[in-house]
Amino acid sequence: MIHQYIIALGSNHDSEISFNIALDELKLWGNVDLSSMIIGKDFTGKTELIYHNAVMMIKLYKPMNYDNFNELLKSIETQCGREHDNSFKKVPMDLDILAYYENDKWCIIKKRLPFKNHEKMGLIEVAPFLLID
């Protein structure tokens, strides 16, 4: 069971409302340390929408396995108004696990590498140790 996770938060639609909903919900599950907001254009260049991104470390009150925690994140995305239909459009909230702490070590989710610039900026504030090779 895992006590700590580092997650990326991103929104390109109703960002302030969505961040507040996600933050309020995650605070029910653990102590959170949230980076500063990074605001910028879509790094993929697919849209002109403005993104709000941050990184969070959460220390859970009760341990939760990876799959259950990921399901919780998807539930929070839905509470924020996200529709999971695989089409690219406005995204009120995207929550992705970047890393978790298990067996006395941090495990980075390999498919998240290399970290995007906005993720690096957030990690510098809440988990700089993940950026050391």
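## Nonpolar cores

In this predicted model, the largest nonpolar core holds 24 residues. Tyr5, Ile7 and Phe69 have the most contacts inside this core. Five elements each supply at least two of its residues: β1, α1, β4 (50-64), α2 and β5 (94-102). The top contributor is β4, which gives five residues.

Another core lies apart from the largest one. This other core has eleven residues, including Ala8, Leu98, Ala99 and Ala127.

## Tyr5

Tyr5 sits in strand β1, which spans residues 2-11. Its relative accessibility is 0%. Buried means under 20%, so Tyr5 counts as buried.

Which residues does Tyr5 touch, beyond those up to four places away in sequence? The list runs through Met56, Met57, Ile58, Leu60, Met64, Asn65, Tyr66, Phe69, Ile97, Ala99 and Tyr100. Ile97 is 92 residues from Tyr5 along the chain, yet their C-alpha atoms are separated by 7.0 Å. Phe69, another of these partners, is also among the residues with the most contacts inside the largest core. Ala99 is a partner of Tyr5 too, and Ala99 belongs to the core of eleven residues.

The side chain of Tyr5 also has polar partners in the backbone. One of its polar atoms lies 2.7 Å from the backbone oxygen of Met64. The backbone nitrogen of Tyr66 lies 3.3 Å from a polar atom of the Tyr5 side chain.

## Helix packing: α1 and α2

Two packed helices are described by the angle between their axes and the distance between the axes. For α1 (residues 15-27) and α2 (residues 66-79), the angle is about 145 degrees and the axes are 9 Å apart. The crossing of α1 past α2 is right-handed.

From α1, the contact uses Ile21, Ala22, Glu25 and Leu26. From α2, it uses Leu73, Ile76 and Gln79. By class, five of the contact residues are nonpolar, one is polar and one is charged. Both helices also feed the largest core, each with at least two residues.

## His52

His52 is placed in strand β4, the element that gives the most to the largest core. Neighbours up to four places away in sequence aside, His52 touches Leu9, Gly10, Ser11, Ser15, Phe19, Met37, Ile38 and Ile39.

With which side chain does the side chain of His52 make a polar contact? The partner is Ser15, at 3.0 Å. Glu16 is 36 residues from His52 in sequence, and their C-alpha atoms are 8.6 Å apart in space.

Methods
Residues are numbered from 1 along each chain as its sequence is written. This is a predicted model: local features need pLDDT of at least 70, side-chain atom pairs count only at pLDDT 80 or more; totals for chains, interfaces and linings use all residues. Side-chain values use heavy atoms; hydrogens and water are left out. Helices (H or I, at least four residues) and strands (E, at least two) are DSSP runs, numbered from the N terminus. Buried means under 20% relative accessible area, exposed over 50%, partly exposed in between (1.4 Å probe, protein chains only). Contact means heavy atoms within 4.5 Å. A polar contact is a pair of N or O atoms within 3.5 Å; within protein, one must be able to donate a hydrogen and the other to accept it, and residues adjacent in sequence count only if both atoms are side-chain atoms. Axes are lines fitted to C-alpha atoms, for helices over the stretch in contact, and angles run from 0 to 180 degrees between N-to-C directions. A crossing is left-handed if the near helix is turned anticlockwise from the far one by less than a right angle, and right-handed if clockwise. Ala, Val, Leu, Ile, Met, Phe, Trp, Tyr, Cys and Pro count as nonpolar, Asp, Glu, Lys and Arg as charged, and the others, Gly among them, as polar. A nonpolar core is a set of buried Ala, Val, Leu, Ile, Met, Phe, Trp, Tyr and Cys residues joined through side-chain atoms within 4.5 Å.
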